[in-house]
Every structure is written in C-alpha cells, then in structure tokens.
Amino acid sequence: MAVKHTKKLFIKALNKKFATEQKLLASKGIKEDNIQDTKTGYLRLGPDQSARKREFMEYAKKLEGKRGMTGYNPYVHCGGIPLGQRQLVPYKLSGTEYVVEGDDLHFVNNPAMQQMWDDIRRTIIVGLDMSHEVLQKRLGKEVTPETINNYLEILNHAMPGAAVVQEHMCETHPGLVDDCNVRVFTGDDALADEIDDQYVIDLNKLFPAEQAEAIKAAIGKTTWQAIHVPTIVVRSCDGGTTSRWSAMQLCMTFIDAYNMCAGEAAVADLAYAAKHAAVLQMSEMLPARRARGPNNPGGLSFGFMADMVQTSRTNPADPVKVSLNVVAAGSMLYDQIWLGSYMSGGVGFTQYATAAYTNDVLDDFCYYGVDYAVDKYGGFAKAPKTIDVAKELATETNAYGMEQYESFPTLLEDHFGGSQRASVLAAASGITCAIGTGHSQIGLAGWYLSMLLHKEGWGRLGFFGYDLQDQCGPTNVFSYQSDEGNPLELRGANYPNYAMNVGHQGEYAGISSAAHAGRMDAFACNPLIKATFANPALVFDFADVRGCFGKGGAREFRAAGDRALVMPAV
Amino acid sequence: MAYTPQYYPGSTSVGINRRKHMSGNLEKLRDIPEADVVSIMGHRAPGADYASTHPPLKEMGEPDCPIRQIVAPTPGAAAGDRVRYSQWTDSYYFAPSVPYWRSYWGAINCKGCDPGTLSGRQIIEARERDIEAYTKKQYDSEMTDVALCSMRGCTVHGHSLRLEENGMMFDMLARTEMGKDGNVYAVKDQVGIPLDKKVNLGKPMSEAEAKKRTTIFRVDGVSMHGKVGARKYDEAVEAMHHMWDLRSKWGYRPE
C-alpha cells in the first residue's frame with residue numbers, strides 16, 4: 001500500500017522554496033510572508049539575488065577577456081530590465097531532500113540528465129541464440145558455458161573499442177570508455193548459473209521473486225546481451241551508431257572466440273543477427289521528415305520508457321512512486337531534450353518539465369487520487385475498467401488539484417505557466433485512473449477529462465497546441481483506427497497528436513507505467529528492456545531518477561564520457 | 001421562432017458573466033480616450049495615418065463573387081490596413097475576464113479578428129483600425145479591471161503570481177503603476193516602451209466588485225466542484241462530462 005495521504009506533501013517544499021524570500025522580505029520591513037497569502041512584496045533585486053546567476057555573470061566576465069567578445073549578460077534583457085524582478089526561488093526534487101536552483105535542472109548544466117539519455121541511446125539488446133545456431137549448425141562449432149564465458153571476456157575487451165584478431169590497430173584509452181560493458185541475461189536459470197557472475201544480469205537477485213519469475217517466463221530459454229557502448233561514442237556520433245558499433249565488435253569477438261575465418265560468408269549471418277534479426281533498438285527510426293535514426297528520443301515508446309525506469313523492482317509496493325520516476329525520466333527526455341532541444345532549441349522547456357518532478361506537487365495530487373481510489377474500490381487496480389470510473393476518479397483528482405492551486409498562491413506561482421498546471425493536473429488524474437483500474441487506456445481517458453475540466457474552470461489551459469492535442473484528444477483514447485489507435489504503451493513521442501507539445505509525453509509514459517505498477521506487473525511493455533536496465537553497471541541510476549537529477553543539480557554526479565584524461569589540465 | 005443563443009450553462013454569477021462576455025452584452029465602466037488606447041497599443045502614433053498593405057478594396061478591382069456580396073468588409077479591411085494586435089494578461093485573482101472568454105467574445109462579436117488563446121495571455125489580431133476599436137471596447141467594458149488586467153505584447157509573466165501589496169498584478173516591465181490618487185496609470189506601451197505621457201486608466205475594482213464580475217470558478221469564490229467531501233458540481237461540469245463522454249465514445253465508434 002502506498003503512503004497514506006494524510007498531509008499536503010508540497011507544503012514542506014514550498015516552505016523551503018520560499019524561505020529565502022521570507023527572510024528577504026522581513027529584512028526590508030515587509031510583513032513576514034506566508035505561503036497562503038495572495039499578496040507579497042516584489043523586491044526587484046535582479047539576477048544578483050541568485051548564487052547561480054552571480055556565478056554565471058562572474059564566469060562570463062572572465063570569458064569576455066578570453067574570448068574577445070561579449071557573451072552572457074542578463075542586463076541586455078528587456079531593454080535593461082533583467083530577470084529577477086520577482087524573487088528567484090529554488091526547486092526541491094520531489095521525493096528527495098535535494099534543493100537546487102532552476103538553472104541546475106537545465107540539461108546542459110546537469111550531467112545526470114545527460115547521462116540518463118546517454119545510457120539509453122548507447123544501449124542495444126542483441127539475442128545470442130541466433131548466432132549460436134549459426135556457429136553450431138553451419139560451422140559445427142561447440143557452444144558451451146565455457147565458450148560463452150570466453151566470448152564475454154573477449155567482448156568486454158573489444159566492445160569499448162579495442163582490437164581483436166587484427167594487428168597494428170588503433171585502440172581507445174580504457175579510461176575514456178570505462179562505462180562500456182556487456183552482460184547477458186536469460187530465462188534459463190541453469191545456464192545463468194554457469195555464466196561467470198561478472199557477466200550476468202542476475203534476474204533472481206535484482207528483481208522481487210514474483211517479478212523475476214514473470215520476466216523469466218516471458219523471456220523463456222532465450223539468452224540476450226545487454227550492450228552499452230561507450231558514452232563518448234554516442235556523444236560524438238548519435239544513437240544510430242549504437243547498433244553499428246556493437247555489431248562490429250560482436251562479429252570480431254565471434255571470429256576470435258570461435259576461431260572463425262574472418263572473411264567467410266557465415267560472418268554475414270552473425271552481422272545480420274547483430275544488426276537486424278536479433279536486435280532490439282531502444283527506439284524506432286523516425287519518418288524522413290524528422291530525419292533521425294533509431295535510438296533517438298523521438299522514436300522511444302512510452303512503454304519502453306516505463307520499462308527503462310527501475311523503480312518498479314525497488315519499490316513495487318508504491319505504484320505512485322514508480323509512476324512518478326517514469327514521469328521524471330520522460331519529462332526530462334521528451335520535453336527538455338527531445339522537444340526542447342532536438343525539435344525546437346528553446347530555453348523555456350526546463351520550466352515546463354520541472355513542474356512534474358519538483359516540489360512534491362504531482363506526488364501530492366497522485367497520492368490523494370490513488371488513496372481515494374483505494375478507499376473506494378479496495379486496492380490498486382481493483383476498480384472496474386470503465387469510462388464511468390475514469391469520469392469519477394479524474395473529476396475528483398482534478399478538482400482536488402485545482403483547489404490546491406487556488407488555496408496556495410505560492411503553489412500557483414510555482415507552476416506559473418498554464419502548461420505546467422495542465423500537465424500536472426492531467427497527469428495526476430491519469431495516473432490515478434491507471435493505478436485505480438490497472439488499465440492505461442482508462443488512465444488516458446482520465447488525462448483528457450482533466451484537461452477539459454481544467455479549461456472549463458479557469459477559462460485557460462496551456463500553450464496554443466493544447467487546443468488541438470487535449471481538446472480533441474478524447475477521440476483517440478479508445479480508437480482502433482490504424483493511425484491513432486495504439487494502446488498507450490505502444491504510442492510514443494512521434495504519435496500523430498503528441499509530436500507538438502511539451503508537458504505530455506513524459507506524463508503519458510507515467511500513465512503507461514502506472515497501469516502496470518498498479519497491477520504489480522514485472523514490466524509494462526517489454527521484459528528485455530526491463531531486464532537490461534537492471535544492469536547495476538549503468539552510470540545513471542534508473543531506480544532513482546529524481547534523486548539522480550538532484551545529484552546532478554547539486555554537482556555530486558559523475559558522468560561518463562569525460563575527456564580530461566587526454567586534455568591538458570585547466 | 002428566432003433562435004436565441006444560450007451561450008453557456010449554469011445559474012451562478014460565473015455562468016451569468018460568461019454568458020454576458022460571449023453575448024457582447026457588457027456594461028461600460030469607463031471611457032479611455034481613443035488616442036490613449038492607441039498609444040498604449042504602440043503600433044502607431046495617435047493621429048498618424050494607418051499603414052496599409054494593399055490599396056482600398058474599392059480600388060482593387062476585385063472579382064464579383066457571392067461571398068463578397070454577402071460579407072461586407074470591416075473598415076480596416078476596406079481601407080487596406082495592416083494587421084496588428086492587442087494582447088491581454090488577466091490575473092487569477094478574480095480578473096473579470098480570462099483568456100478563453102476574451103477569445104469567445106472576440107470570435108463571436110468582433111468581425112474579421114483572429115483570437116489566440118494561451119494560459120497567461122490572450123491575443124486578438126485584426127486590421128489596425130478594427131483592432132483599435134475592439135481594444136477600446138475591452139478597455140472600457142467590465143471585461144477589464146485596470147489592476148488585474150493589463151495589455152502586454154511580450155514578457156507577460158504575472159497572471160498566476162501573487163498580487164503586489166497594492167493589489168496590482170505583477171509585471172516584470174512595470175507597464176502600469178498605482179498613483180497616489182488611487183488611480184492606475186499606464187506608463188509604458190504593450191511591449192514596455194515608455195509613453196510620452198502617463199495615461200490615467202481610472203480606479204481599480206474593489207475585491208468584492210472583481211469577485212462579482214469574474215468569469216473564473218475558484219474555491220474561494222464560486223466553486224465549480226463544491227468542496228472536498230461535499231462535492232456539488234456546477235452545470236458546467238455536467239456539460240463537460242457529457243461532451244467528453246461523447247467524444248470518447250465517438251472515437252471508438254465513429255457514427
């Protein structure tokens with residue numbers, strides 16, 4: 001059972017958030033502020049009030065001499081009126097004790113956020129069975145646990161970019177590519193026992209027993225390689241490189257491990273398996289008009305995103321927490337990086353996205369809604385999967401959330417944009433419906449009802465695009481037409497109506513996750529993804545997304561792909 | 001029997017006010033001189049000629065067609081005016097109008113306009129002399145309170161922020177200010193360029209007056225949902241449930 005909703009979780013965050021403002025106001029002789037007051041003093045202190053903005057300005061001053069031209073200068077803003085006319089307040093990462101400045105949550109300033117995306121796009125899953133069949137049936141080679149261990153030892157030498165078979169090769173510095181690794185996982189416990197522990201993702205140890213059994217049953221006796229190529233490779237190239245890089249090293253390793261001829265046609269079978277027949281990309285290739293290869297964020301389905309996040313195995317009893325870590329991961333990747341940078345190049349996307357994973361607001365609304373559903377229907381995923389239940393749960397959750405914004409002016413101010421409020425209210429409604437019923441489509445129905453009720457109550461919603469996406473959205477919830485009728489888990493960032501607006505895709509991923517978290521499922525969409533991202537050797541901690549973002553913001557996170565080893569010291 | 005538009009459901013003051021905005025049957029509260037409205041809009045100097053993007057329609061030799069016979073051009077279109085805008089920001093704290101209702105008002109009552117609706121701002125674009133007339137109507141009517149609403153072409157931040165201690169909506173660019181005489185003055189145009197002379201916009205509404213005229217449902221005013229544990233849905237919610245239900249089912253089975 002989730003934490004019972006006994007108090008408003010965002011109050012502590014708001015008190016932390018506005019503590020400095022309250023001190024400032026008091027020092028100016030203005031009555032001590034209260035988070036429920038509708039009026040306040042605006043001190044217009046400019047950027048100097050923020051430690052981070054001061055750091056930026058000081059650094060920019062140093063750079064100016066070095067660069068010989070101007071750069072960062074907030075005083076060019078609005079004819080000399082810099083930002084900071086209102087108090088600049090920090091953000092608490094939801095569910096953690098991290099409090100960071102807003103700037104620290106821009107992905108450029110946050111190495112953990114970058115690493116999350118790097119860890120996804122540098123990952124590829126390749127089946128071993130097809131290659132083993134080629135070796136055994138076509139080449140007459142013996143494949144045993146011993147040969148597999150030998151192969152994996154060679155592969156963990158080769159995959160980072162080192163030579164096998166060939167002479168006089170240029171290799172990568174191990175210190176630059178130390179995040180690269182390959183482990184295997186299988187539903188066959190007997191085989192897993194025979195593989196050297198260092199090369200195995202041990203499903204039995206990493207997952208709760210019931211989840212491990214479910215994943216093993218789904219995988220069966222097949223064996224898969226969870227491959228993570230070096231971060232520095234995908235940062236220099238892109239996600240489309242991952243399958244090429246890995247396939248090359250896989251083939252070279254097979255040649256070495258099984259004493260093959262380097263030029264024989266059988267190698268083509270191994271390459272075909274590694275690049276196409278036995279491969280699972282993290283995301284689909286996009287249509288030509290979006291011009292991105294596979295393993296780029298635009299093709300990443302919500303179901304895969306839900307399975308990459310691992311909170312479902314570390315905190316299975318708290319489906320809200322599971323869903324909200326998915327929301328955080330999705331908001332950061334889809335909003336800040338995909339729509340905000342790949343597709344748009346804007347600065348404002350960080351503000352949009354952070355509303356969903358800071359200051360315990362979405363947490364509070366979700367716990368309220370889920371507790372309401374649990375009280376009424378007797379547990380997670382116990383409510384009937386009907387449109388009437390979506391209507392009831394979404395209306396109640398949305399109403400509660402709107403009332404909090406109305407009752408706490410600092411909360412409204414925290415989510416100062418309508419898109420932020422719309423996303424948070426609809427996500428809470430959708431997650432409540434999904435956890436309550438265990439059905440993602442009912443969750444989606446709740447999302448859209450929240451949008452309509454929100455607009456009706458306040459006479460405003462989000463940015464222009466919300467008009468289309470959310471007001472006509474109910475028609476695609478239960479549609480089975482080919483261009484719009486997928487289950488939510490199989491929809492993704494490039495689904496027709498979803499490709500335009502921030503504040504949606506991460507939340508849709510959260511709703512996908514919520515349905516399965518409510519049902520206590522081991523995975524939402526694909527067991528291979530869930531198993532692969534359980535790899536403890538990943539740099540980003542996919543079980544604690546928000547905590548990792550906080551570490552990144554607090555400058556406590558070490559990302560991979562550092563080039564300091566081969567550059568002069570600063 | 002002639003059709004009488006119903007516009008909006010509900011018997012609360014919010015429902016009634018929403019119907020008033022949509023019908024255009026609005027009370028006039030003040031009379032801001034045209035020249036002052038033009039200077040706050042900032043597109044042309046008061047008294048200056050209108051810039052045009054094409055000759056007057058009468059000189060264009062347009063082809064005859066049934067649509068041209070049915071639809072008379074607006075004065076701005078007839079003269080060939082360029083298209084300009086006015087954009088409003090309305091506070092959450094009981095501003096009389098809200099973005100969708102400004103848009104509905106424009107779409108229903110203002111010929112030849114293009115409303116755009118966001119959360120923190122609402123824009124209407126139209127031919128220049130037309131938008132000037134539409135803007136004056138908004139300024140003068142009960143749609144607008146001079147402390148809780150302001151024209152902001154850019155840097156609109158403020159609709160959801162706490163009010164200043166004097167009851168004004170926060171504005172980063174401080175385009176309006178509260179005078180010692182209790183009147184609100186516009187000191188900058190829509191995009192924050194200082195005006196040659198301050199424009200007296202008059203006194204703001206009292207909180208009670210704003211609550212009476214608002215089109216916002218709020219738990220501390222007219223609630224749309226009743227309260228936690230004692231839900232009582234406004235007719236607006238029931239209407240929206242009905243529409244959502246039909247839209248969802250139609251998507252499953254379009255017929």
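How many bridges pair strand β5 (residues 181-186) of chain A with β6(A), and in which sense, parallel or antiparallel? In this predicted model, the two strands are joined by six bridges, and their pairing is antiparallel. One of the facing pairs brings R183(A) opposite A226(A) of β6(A). β6(A) also has β4(A) as a partner, with five bridges between the two strands, again running antiparallel. Here V126(A) has Q225(A) in β6(A) as its bridge partner.

The surroundings of β6(A) can be followed residue by residue. This strand covers residues 223-228 of chain A, and six of its six residues are buried, so the rest of the structure largely encloses it. The burial extends to both faces of the strand. On one side lie T223(A), Q225(A) and I227(A), and on the other W224(A), A226(A) and H228(A), all of them buried. Q225(A), the bridge partner of V126(A), thus belongs to one buried side, while A226(A), which stands opposite R183(A), belongs to the other.

Strand β4(A) appears again in the environment of helix α12(A). The buried residues of this helix are A266(A), V267(A), L270(A), A273(A) and A274(A). Viewed down the helix axis, these buried residues fall within an arc of 120°, so they line one face of α12(A). In general, an α-helix has 3.6 residues a turn, so residues three or four places apart point the same way. The cover over the buried residues of α12(A) includes β4 (123-127), α5 (129-138), α11 (241-257) and β7 (279-280) of chain A. On the face turned away from the buried side, Y272(A) and H276(A) are exposed. The span of the helix also deserves a look. α12(A) runs over residues 266-277, yet the C-alpha atoms at the ends of these 12 residues are only 14 Å apart, short of the 16 Å that a straight helix would reach at 1.5 Å a residue.

Elsewhere in chain A, two helices pack against each other. The axes of α17 (residues 361-377) and α20 (residues 418-437) of chain A come within 9 Å and cross at roughly 35°, and the crossing of α17(A) past α20(A) is right-handed. From α17(A), the residues that take part in the contact are V361(A), L362(A), F365(A), C366(A), G369(A), V370(A) and A373(A). They meet V424(A), L425(A), A427(A), A428(A), I431(A), T432(A), I435(A) and G436(A) of α20(A).

Chain B offers two open sheets to compare. In one, four strands are arranged in the order β2-β3-β1-β4 (chain B), with antiparallel pairing. Its edges are formed by β2 (114-117) and β4 (149-151) of chain B, each of which pairs on one side only. Direction ignored, neighbouring strands of this sheet are turned by 20° against each other on average. Four bridges connect β2(B) with strand β3 (residues 122-127) of chain B in the antiparallel sense, and within this pairing G116(B) has I123(B) as its bridge partner in β3(B).

The other open sheet has three strands in the order β6-β7-β8 (chain B), and its pairing is antiparallel. β6 (176-178) and β8 (194-202) of chain B are the edge strands, each pairing on one side only. From one strand to the next, the twist averages 25°. Helix α2 (residues 34-41) of chain B packs on this sheet, where it touches β7 and β8 of chain B, and its direction makes about 125° with that of β8(B). Three bridges hold β6(B) to the antiparallel strand β7 (residues 184-188) of chain B, with E177(B) opposite Y185(B). β7(B) and β8(B) are antiparallel as well, with four bridges between them, and K188(B) has P194(B) in β8(B) as its bridge partner. These two strands form a hairpin with five residues between them, and in the turn G192(B) has a positive phi of about 90°.

A final point concerns Y134(B), which lies in helix α6 (residues 128-140) of chain B. This tyrosine counts as buried because its relative accessibility is 10%, below the 20% cut-off. Neighbours within four places in sequence aside, Y134(B) is in contact with T74(B), W105(B), C110(B), K111(B), C113(B) and A126(B). H21(B) is 113 residues away from Y134(B) in sequence, and their C-alpha atoms are 13 Å apart in space.

Definitions and conventions: Residues numbered from 1 in each chain as written. Chains lettered and ligands numbered in written order. Predicted model: local features only at pLDDT ≥ 70, side-chain atom pairs only at ≥ 80, totals over all residues. Heavy atoms only, no water. Expected span 1.5 Å × (residues − 1). Buried < 20%, exposed > 50% of the residue type's maximum accessible area, 1.4 Å probe, protein only. Arc of directions from axis to C-beta. Contact = heavy atoms within 4.5 Å. Pairing = 2+ DSSP bridges. Axes fitted to C-alpha atoms, helices over the stretch in contact; angles between N-to-C directions. Left-handed = near helix turned anticlockwise from the far one by under 90°.
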